[in-house]
Amino acid sequence: MRVATWNVNSAKQRVPRLLPWLDQRRPEVVCLQETKLTDDAFRALLGGELAARDYEVALYGEVQWNGVAILSRVGLDNVVRGLPGAPGFPHQEARAVAATCGGVRVHSLYVPNGRTPDSDHYHYKLEWLSVLRDTVAAGPADVLVCGDMNIAPADADVFDPDAYVGQTHVTAAERAALARLTDLGLHDVVRDRWPDERVFSYWDYRAGMFHQDLGMRIDLILAGTPVADRVRAAWVDRAARKGTGPSDHAPVIVDIDTAPDGDIGPVVPPPSAGTPRRGRHKLPQAR
DNA sequence: ATGGCTTCCGCTGGAAGA
């Protein structure tokens with residue numbers, strides 16, 4: 001089962017990148033953030049294209065900002081929109097949606113930015129993370145906590161720690177809040193697989209930051225131990241950050257072995273699997 | 001570097017992002 005998370009920075013703007021990427025990577029489950037669309041607008045924009053690719057969709061969006069989604073072709077059960085008990089700013093924001101997909105509790109999260117340390121938004125971020133921790137603690141160990149955490153877990157996750165002194169995303173309180181979540185028994189699958197590599201998932205649009213690989217790793221996939229034990233690959237899909245009209249974030253992808261009694265869902269042939277072309281390739285003939 | 005891009009709504013500017 002392939003699970004991906006991607007802050008698309010507007011689903012509407014990203015359609016020309018999102019659909020080909022789905023066809024190329026063929027993830028079973030996709031967590032999206034910053035869709036920036038109401039649920040009606042999302043369905044009008046992408047409902048048909050996603051249904052044609054056998055995805056069911058769980059949405060929690062709003063009109064201008066935020067917005068999260070889960071796409072799944074391995075089932076989509078017990079959908080919970082939002083984070084019950086989470087604070088608002090001041091109103092509830094569309095920053096969390098959860099569903100059970102292929103036997104795994106999947107969370108698609110867009111953690112508040114925090115803006116500046118000690119601002120109201122920063123304290124909102126910390127309180128929101130505390131409620132997230134309690135929500136995950138109350139759930140199953142077969143869990144994937146995915147999304148834009150807006151925290152770089154360690155100094156190795158920013159291009160220049162000195163450039164971030166006094167900034168959000170790297171403060172001790174934010175990292176402690178993230179640690180209280182991962183202390184539940186979650187594993188940072190990309191860092192576990194690439195312990196010493198320079199791995200980022202976000203690069204500012206400006207000043208050639210991507211070209212110079214000056215970024216941050218703030219988009220995470222955190223796996224409960226039983227899921228982490230089944231991880232076979234985990235990486236950042238940098239190709240999706242290249243070219244024309246990218247998001248400023250790249251997708252993060254994890255491949256998980258099927259559980260011994262798991263159901264991977266319907267088998268869908270690849271788009272190229274069709275009638276063999278005559279003439280160019282000689283197929284073995286039965287005698 | 002003081003936001004250097006990109007997006008949104010909604011109107012041509014201001015806010016937000018990290």
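Trainee: What makes Asn113 a polar contact of a base nitrogen of DNA strand B?

Mentor: A polar side-chain atom of Asn113 lies 2.7 Å from that base nitrogen, and a polar contact is a pair of N or O atoms within 3.5 Å, with the added condition within protein that one must be able to donate a hydrogen and the other to accept it, residues adjacent in sequence counting only if both atoms are side-chain atoms; the pair therefore qualifies. This is a predicted model, in which local features need pLDDT of at least 70 and side-chain atom pairs count only at pLDDT 80 or more, while totals for chains, interfaces and linings use all residues. Residues are numbered from 1 along each chain as its sequence is written, chains are lettered from A and ligands numbered from 1 in the order in which they are written, and side-chain values use heavy atoms, with hydrogens and water left out.

Trainee: Which phosphate oxygen distances do Glu34 and Asn150 show to DNA strand B?

Mentor: A polar side-chain atom of Glu34 lies 3.1 Å from a phosphate oxygen of the strand, and for Asn150 the distance to a phosphate oxygen is likewise 3.1 Å.

Trainee: Why is Asn66 called buried?

Mentor: Its relative accessibility is 4%, and buried means under 20% relative accessible area, against over 50% for exposed and partly exposed in between (1.4 Å probe, protein chains only), so Asn66 counts as buried.

Trainee: What joins the side chains of Asn66 and Arg95?

Mentor: A polar contact of 3.3 Å joins them, and Asn66 also touches other residues, including Glu34 and Tyr110, where contact means heavy atoms within 4.5 Å.

Terms used: Lists of a residue's contacts leave out its neighbours within four places in sequence.
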